Amino acid sequence: MQLTVIGLNHQTAPLSIREKLAFAAAGLPEAVQALSSLDAVREAVILSTCNRTELYCFGDSETIIEWWAKHHHLSVEEISPYLYIYGNRETVRHAFRVSCGLDSMVLGEPQILGQLKDAVRTSQEQQSLGSSLNALFQKTFSVAKEVRSGTAVGENSVSMAAASVKMAEQIFPNIQDLNILFIGAGEMIELVATYFAAKHPKLMTVANRSLPRAQELCEKLGVQAEPQLLSALPDILHEYDVVISSTASELPLVGKGMVERALKLRQNMPVFMLDLAVPRDIEAEVAELDDAFLYTVDDMARIVQSSQEARKKAAAEAEEIVNRKVEEFLEWQQSRESVPLIRALRDEGERARLYVLENAMKQLAKGTPPEEVLERLSVQLTNKLLHSPTRTLNKASAQDSNLIDAVTQIYHLDNSK
């Protein structure tokens with residue numbers, strides 16, 4: 001088994017594919033437990049966000065892909081073209097880059113680090129995180145902290161939340177005149193709602209499955225905001241100029257027919273709709289309606305890239321830190337892998353020592369002079385310790401330079417003499 005990450009993101013797969021392979025938050029614990037219980041998988045962490053789904057494992061990549069496809073009722077052939085598969089070194093580098101926001105749609109965005117920590121926490125709770133992956137992610141979090149404190153990679157960054165406001169302002173000149181509806185009350189909605197609240201819209205509403213959670217978010221915003229249940233959406237949708245949704249629902253909550261009815265009641269006044277969920281909360285067909293301006297997470301790229309130039313230098317500095325930390329981690333990892341070998345070598349030496357010592361004690365008991373016993377002991381111990389390497393070298397081909405170099409290095413020899 002080897003360390004690997006298998007995944008897809010906004011660069012390798014369109015939203016229509018990403019939503020099929022995403023893991024809903026409610027089902028993530030069960031999924032990571034099922035994955036880690038496979039015979040060919042030793043440890044597992046699943047990261048699933050709106051822009052990426054990645055499976056970090058110690059295991060066989062083919063088995064992992066087969067499980068992933070089967071879990072979502074798809075074939076391996078359907079998903080393979082969109083996947084990237086990394087071995088040990090590249091997995092370490094990828095984890096470091098992801099945690100720093102270097103692989104995000106919004107360069108340097110901080111939210112991914114929290115999402116990665118949540119994924120690791122879920123694996124810990126499901127006992128799917130062993131010492132190897134734990135070591136990787138603890139180092140990952142350390143690297144992210146160093147990059148963010150030591151570079152400006154997160155500065156001048158247009159976040160998803162800020163971009164949402166900018167997109168709304170392209171359609172409506174004044175946010176203060178708008179009624180805004182948020183569907184969901186999770187972290188993403190809270191971030192976006194905070195940005196909109198700063199613009200002091202006329203009305204903000206949070207619709208959620210849990211009314212107390214919606215009420216809690218409304219109170220946090222510090223502006224005129226009211227809670228609603230999701231079941232009220234068909235009756236209230238027409239009242240809002242901006243609709244932003246991000247829930248963990250596996251099925252759309254807002255359909256084309258619901259939006260059509262709302263537009264008629266609005267007398268075809270335009271509505272800006274932003275679907276930040278994966279899978280999508282708003283049916284894609286809504287975009288076909290004349291007065292509905294529907295955007296998804298992939299449509300955000302045009303705005304968030306606008307400040308990319310200002311962060312390129314900082315990103316280069318961050319990449320240098322990542323590369324250095326990758327080498328450090330790989331050296332540490334290699335040293336840990338040699339521990340069992342070192343232990344076995346010492347055990348073998350101890351067995352040889354005890355064997356010749358026992359013979360020496362027998363000789364002394366028989367009255368053999370100590371000088372003679374010590375001479376025999378030293379010869380026996382030398383022969384015992386050098387027997388295996390000498391035999392291996394005798395069998396080795398003269399062209400086996402790796403073995404010859406290793407023995408030369410181990411015993412500090414100069415084989416040119």
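Which residue of β3 stands opposite Ser48? In this predicted model, the residue in β3 that faces Ser48 is Thr53. Residues are numbered from 1 along each chain as its sequence is written, and side-chain values use heavy atoms, with hydrogens and water left out. Because the model is predicted, local features need pLDDT of at least 70 and side-chain atom pairs count only at pLDDT 80 or more, whereas totals for chains, interfaces and linings use all residues.

Helices (H or I, at least four residues) and strands (E, at least two) are DSSP runs, numbered from the N terminus. Strands of a sheet pair through backbone hydrogen bonds, in either a parallel or an antiparallel manner. Two strands are taken as paired if DSSP finds at least two bridges between them. An open sheet of four strands follows the order β2-β3-β1-β4, and its pairing is antiparallel. Its edge strands, β2 (41–48) and β4 (84–86), each pair on one side only. From one strand to the next, the twist averages 15 degrees. Within this sheet, seven bridges connect β2 with strand β3 (residues 52–59) in the antiparallel sense. Helix α5 (residues 88–100) lies across β1 (2–9), β2, β3 and β4, and runs at about 140 degrees to β3. Here contact means heavy atoms within 4.5 Å; axes are lines fitted to C-alpha atoms, for helices over the stretch in contact, and angles run from 0 to 180 degrees between N-to-C directions.

A further open sheet contains six strands in the order β7-β6-β5-β8-β9-β10, with parallel pairing. β7 (225–229) and β10 stand at its edges with a single partner strand each, so one side of each has no neighbour in the sheet. Neighbouring strands of this sheet are turned against each other by 15 degrees on average, direction ignored. Strand β5 (residues 179–183) runs parallel to β6, and five bridges join the two. One bridge pairs Leu181 with Thr205 in β6. Helix α8 (residues 160–171) packs on the sheet, where α8 touches β8 (242–245), β9 and β10, and its direction makes about 155 degrees with that of β9. Helix α9, in turn, lies across β5, β6 and β8 and runs at about 170 degrees to β5.

Two packed helices are described by the angle between their axes and the distance between the axes. Helix α9 (residues 187–197) packs against helix α10 (residues 211–221) at an angle of about 35 degrees, with the axes 10 Å apart. The crossing of α9 and α10 is right-handed; a crossing has this hand if the near helix is turned clockwise from the far one by less than a right angle, and is left-handed if anticlockwise. On the α9 side, Ile189, Glu190, Ala193, Thr194 and Ala197 take part, and they meet Arg213, Leu217, Lys220 and Leu221 in α10. The contact of α9 with α10 comprises five nonpolar, one polar and three charged residues. In this classification, Ala, Val, Leu, Ile, Met, Phe, Trp, Tyr, Cys and Pro count as nonpolar, Asp, Glu, Lys and Arg as charged, and the others, Gly among them, as polar.

Several loop residues have notable backbone values. His200 lies in the loop between α9 and β6 (203–208), and the phi of His200 is near 55 degrees, a positive value in a residue other than glycine. Gln267, in the loop between α12 and β9, also has a positive phi, near 55 degrees. The peptide bond from Val278 to Pro279 is cis, with omega near 0 degrees; Pro279 is found in the loop between β9 (271–275) and β10 (292–296).
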